[in-house]
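Visitor: I should like a close look at a single part of this model, with attention to strand pairing, burial and ring contacts. Please define each term as you use it.

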Amino acid sequence: MDLSRRGFLQAAVFTAAASGLTVACGGGGSDSGGTKNGKNLTMWYWGGALSDKVVAEAKTHFKSQIKLTSSSIGGDFKQKLTTTLAAGGSSVPDITGIKGEDIASFLPNADRFLDLNDLGFKKISSQYLEWKTKLAQTEDGKQIGFPIDIGPTALFYRADQFDKAGLPSDPAKVAAEAKSWDDYFALGTELKKALPGTFLINNMGSVFSIAVGQGTTRFIDQDNHFIGDQDHIRAAWDTAVRAYTLGLDAKINDQSWNAAVGKSLTTEVGAAWHALDIESAAPDTKGKWRVCATPGGPANQGGSYLTLPKQCRNPEEAFKIISWILSPDNNAKSFTDASIFPASPETYAMPAMTGPDDFFGGQKIIEVFGPAAEAIPVSYEAPADSAVMAPFMAELTSIEAKGKKPDDAWKDAVSQAKQIARRQGVN
């Protein structure tokens, strides 16, 4: 089950245009009015990717220079964008979003996008997290993506249940008790003993993906070699499986998560946007949750970019627009309006982000997520990374759903990942 805020929001809004915005297809080439000076620009994104309010304000802010028409694109965004870019011509948008998990797959075709450094990004890049910026950069330094948001991880937990179990519930104390994954599972064992019928994690995949993200290497190295069978991936796998063998895994891979999060799940490991998932699924638990640092260190999950396809009709004005939408000040507005966690550290000190969160018992959760965002390790993500990771996630689900032996699942995951890697040109 995809527990991302994006997943929840897309289901509701993918098929409709963003509120108050004009749905349109078309972009590159000549303006509809027959000119080529780029007075009309189009922008594609998906529901929840940007704040609709900030986009609407951008239209007003730039209306004397540009008519900006935005579209909330439903369905498989990556596939529609890939097909449109391949077709070229007037169907290509002037500005488009790209999801964080997809950006690496677009880097081999970076020539389909403008280098934002040529338009001024280099001058303002210090305002954005370096690790996030680099993920949208080619080896020769071409910057195709302007960071929209990120997903620094944390440990969400039910303070009331920790109290009931006789365990520390203060965020600083819980962080100290759950510094490593082993510490976290030891804590979970105590919780389960005190509160039978409760679980520590929703599924093994959530632990595995974060454990992989806590390192500096993933499934493919920078020389395009498959390394998904090496110790660092096996260690992440074993970490996830340990929760299962200890009986701490709720084995939720369907829509039953919504019910479980308010009852049997005492903790959740997830990204900043996951706070909205929890709040939406379990509103009656308001004030009972807290947040602390992720066991084993910070990782990132999610976060996207805005890009300018090479067909963009007015690159200078388009860059001004995306720079304005994603400025630190407007990122604060986006966080308030749509819980979009910014990639600009300056924003973390703004009132929009520093106030107490009632759902989390008045805790100032930026004090957890801000430091995590700035400490996320820089890792290389190959174009085929997501495809190669998929068999590992599927095999973890097979353990939970079918009782498959973990060692057999590991062997099958590695074998399938190698096949996918070969098909994608990985050595």
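Guide: pLDDT is the predictor's confidence in each residue, on a scale from 0 to 100. Across the protein it averages 91, and 91% of the residues score at least 70. The model is predicted, so to speak by rule: local features need pLDDT of at least 70, side-chain atom pairs count only at pLDDT 80 or more, and totals for chains, interfaces and linings use all residues. Residues are numbered from 1 along each chain as its sequence is written, and side-chain values use heavy atoms, with hydrogens and water left out. Residues 1-36 stay under 50 in pLDDT; for this stretch the model has 99 contacts beyond four places in sequence, a contact being heavy atoms within 4.5 Å.

The part to examine is the open sheet, together with what lies across it. Its 5 strands follow the order 2-1-3-8-4, with mixed pairing. Strand 2 (67-72) and strand 4 (146-147) are the edge strands, each pairing on one side only. Here helices (H or I, at least four residues) and strands (E, at least two) are DSSP runs numbered from the N terminus, and two strands pair if DSSP finds at least two bridges between them.

Strand 1 (residues 40-45) joins strand 2 in the parallel sense over 6 bridges. Within that pairing, Leu41 has Leu68 of strand 2 as its bridge partner, and Met43 stands opposite Ser70 of strand 2. Of the 6 residues of strand 1, 5 are buried, so this strand is largely enclosed by the rest of the structure. Buried means under 20% relative accessible area, exposed over 50%, and partly exposed in between (1.4 Å probe, protein chains only).

Two helices lie across these strands. Helix 3 (residues 77-87) crosses strand 1 and strand 3 (95-99), running at about 135 degrees to strand 3. Helix 14 (residues 315-325) lies across strand 1, strand 2, strand 3, strand 4 and strand 8 (304-307), at about 45 degrees to strand 1. The axes are lines fitted to C-alpha atoms, for helices over the stretch in contact, and the angles run from 0 to 180 degrees between N-to-C directions. Helix 14 is mostly covered, with 8 of its 11 residues buried. Among those buried residues are Pro315, Glu317, Phe319 and Ile325.

An aromatic contact reaches the edge strand 4. The structure holds 24 aromatic pairs. In one of them, Phe121 and Phe146 meet edge-to-face, 5.0 Å centre to centre and with 70 degrees between the planes. This pair links distant parts of the chain, with Phe121 in helix 5 (residues 121-124) and Phe146 in strand 4, 25 residues apart. Phe121 counts as buried because its relative accessibility is 1%; Phe146 counts as buried because its value is 0%. For such pairs, rings of Phe, Tyr and Trp (its six-membered ring) must have centres within 6.5 Å; planes under 30 degrees apart count as stacked, over 60 as edge-to-face, and the rest as tilted.

A second pair gives a contrast in geometry. The ring centres of Phe156 and Phe360 lie 6.0 Å apart with planes at 40 degrees, so this pair is tilted. Phe156 belongs to strand 5 (residues 153-158) and Phe360 to the loop between helix 16 (351-354) and helix 17 (366-375), so the pair ties together parts 204 residues apart in sequence. Both Phe156 and Phe360 are buried. They belong to one aromatic cluster with Phe335, Phe341, Tyr348, Phe359 and Phe369.

Phe156 also has a place in strand pairing: its bridge partner in strand 6 is Glu268. Strand 5 and strand 6 pair in the antiparallel sense over 5 bridges. Strand 6 (residues 267-271) is mostly covered, with 5 of its 5 residues buried. Both strands are packed against by the buried residues of helix 10, as are helix 9 (181-194), helix 11 (231-245) and helix 18 (385-402). In helix 10 (residues 204-213), 10 of the 10 residues are buried, so this helix is largely enclosed by the rest of the structure.

Lastly, Lys99 lies over the face of Trp46, at 5.3 Å from the ring centre. Such a placement requires NZ of Lys or CZ of Arg within 6 Å of the ring centre and within 35 degrees of the ring normal. Lys192 lies likewise over the face of Phe199, at 4.1 Å from the ring centre.
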